[in-house]
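Trainee: Could you show me how to read a few local features in a model like this one?
Mentor: Gladly; let's look together.

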Amino acid sequence: MRLSLGKWLLPLYVVIAFALLLTPIVHVIIYSFNDSRRNNSIWAGWTFDKWLNVCDQQGVCEAFGTSVAIGLVATLIATILGTLLAIAVGRYRFRGRGSTNLLLFLPMATPEVVLGAGLAAQFLSVGVSKGFWTVVIVHALFCLSFVVVTVKARVASLDPALEEAGRDLYGSAMQVFWRVTLPLLTPGIVAAALLSFALSFDDFIITKFNAGQVTTFPLWIYTKKTPPAEANVIAAAIFIVAIVAVVVVQLVAAARRKRLGITQ
Amino acid sequence: MAFAAFGGGGAAAATANEPVHLRGGWVAVGLLAPGLAYLLLFFLAPLVSLLMTSLQVAPEGAGKGEYVPGFEWSNYATAISTYWPHILRSFGYALTATVAALLVGYPIAYFIGVTARKWPLVQALALTLVIAPFFISFLLRTLAWKQILGDNGWIAQTLHSLGWLPSDQNIVGTDFSVIFGLTYNFIPFMVLPIYTSLERLDRRYLEAGNDLYARPSTTFWRVTLPLSLPGVVSGTLLTFIPAAGDYINASQIYLGSINTAMVGNVIDRTFLESQEYPIAAALSVLLMGIILVIVAIYVKRSGTEDLG
């Protein structure tokens, strides 16, 4: 029967696809344990040394620190500006709302290399020297649209009756915003901030055009050509933390659904 | 609006019961002003800068990277006549990778969104695995593929020993390896929007197809696929646009060679190394212009304009 063939064919296909998806990740993690000297592309046996002494590798921890700092500042800027924009376009009627929406989506339709070259051309013509803050500016820029999309979805699902109730109870506009609207939007805002940080941390192309002498973690990997195992250690550690965080969030959400008695 | 299609599956639901929009007034202005000012300064102004740079001219006896404002339209002619193979290659690679990512990604999205509905745990695990590549450094995972597919890797050696791959032929540094890398990188961007569309698909529609004696394949082509089209449109755009502009996979350090250079590689080299700013800017403007035209036509033809 056709249906029963499809029944195991699809899961089999999916298992193969997932194996493919995970292959390079496993490879990166395994090679973080490689007892290599300079060239980490040849397997030289297992070791934990690179994990224990990551910062012995010159520059890698500084680059990591730079990336974290840039990621935090850029995320802060993008999240604040993006949340305000999302509330405006999701909640209010105003002239030019259509073109505002278009303007908010346009950065996502622009290839990274064009954004990067555009800002670099701008900084060049204005005479700004490239460095930490130019990278922060570009990162906040490309994160902004993603924040708007993420928070807007949350704004759209907000029940206006809750804010009305706040006003009916004589809450001022400010009180309603801080005590009702913002707490309801928080999950969307947190998701947007995490997404921003992840996008900023791993960005390479836009950063390369605007970094000047600043070395982020991806730029450091790039300049190494065959990066040492310590790069893998940092990447693997981030991966493990992120996956654990995702799993914990899902478990908490599932437990909460169960407690509230929501099925699906 | 054409670009609203990026909102993807998610946005479609939001418009279904459009929230009450309050009258804007000064509050809306206050909310909008900082963000729009930021976009004006750091998005629109740079695009104008790029346009102006693309028309700059080198004065008599100018050194490397020295240009003055002008209206040198011939920069575009030079850019096209010198680099047309790179432009063509970029769009060829991006198109092939998008189709490949769709072929790989759709079944995954279908499995997570439809088949695995009965098992929330499997669904959650599969979704986590789909986004897993996001959490590992983009450059390192591309290097990992370089090693896995490289000459000393078991895949190349097996293919060589079976005689399926000529001994003087590599996997890395070819059109194939670049397209493979692009496809790999953008599979999650393809899967997630399609999954979002399929997840909301009402199972009763599929049962109705079955009740009307349609074969499963007929139900798929006539019911499932059309209903998931908004997700397919967003997924293909989210793959095609960054793929056309990417140049990591195509770079010689990663999965490419001199013969696989894309337009991004040329922009990087002409801007950051040889400092031929007008040429780099002209190529950027061309890349962006072609993408916008392709996207506008595609979104219009697929009839999903009003998603946002």
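Trainee: Is A:Y170 buried or exposed?
Mentor: A:Y170 counts as exposed because it has 7 C-beta neighbours inside 10 Å; 12 or fewer other C-beta atoms within 10 Å, placed from the backbone, make a residue exposed, 20 or more make it buried, and anything in between is partly exposed. This is a predicted model, where local features need pLDDT of at least 70, side-chain atom pairs count only at pLDDT 80 or more, and totals for chains, interfaces and linings use all residues. Residues are numbered from 1 along each chain as its sequence is written, with chains lettered from A and ligands numbered from 1 in the order in which they are written.

Trainee: Where is A:Y170 found, and what is its phi?
Mentor: Most residues other than glycine have a negative phi. Here A:Y170 has a positive phi, near 65°, and sits in the loop between α7 (160–168) and α8 (173–202) of chain A. Helices are DSSP runs of H or I, at least four residues, numbered from the N terminus.

Trainee: What is the phi of B:Y213?
Mentor: Phi of B:Y213 is positive, near 60°, and B:Y213 lies in the loop between α8 (203–211) and α9 (216–227) of chain B. B:Y213 counts as exposed, with 7 C-beta neighbours inside 10 Å.

Trainee: At what angle do α5 of chain A and α12 of chain B pack?
Mentor: Axes are lines fitted to C-alpha atoms over the stretch in contact, and angles run from 0 to 180 degrees between N-to-C directions. Helix α5 (residues 112–126) of chain A and helix α12 (residues 277–301) of chain B pack at about 140°, with axes 10 Å apart. They are therefore oblique, the class left after under 35 degrees (roughly parallel), over 145 (roughly antiparallel) and 65 to 115 (roughly perpendicular).

How values were computed
Helices (H or I, at least four residues) and strands (E, at least two) are DSSP runs, numbered from the N terminus.
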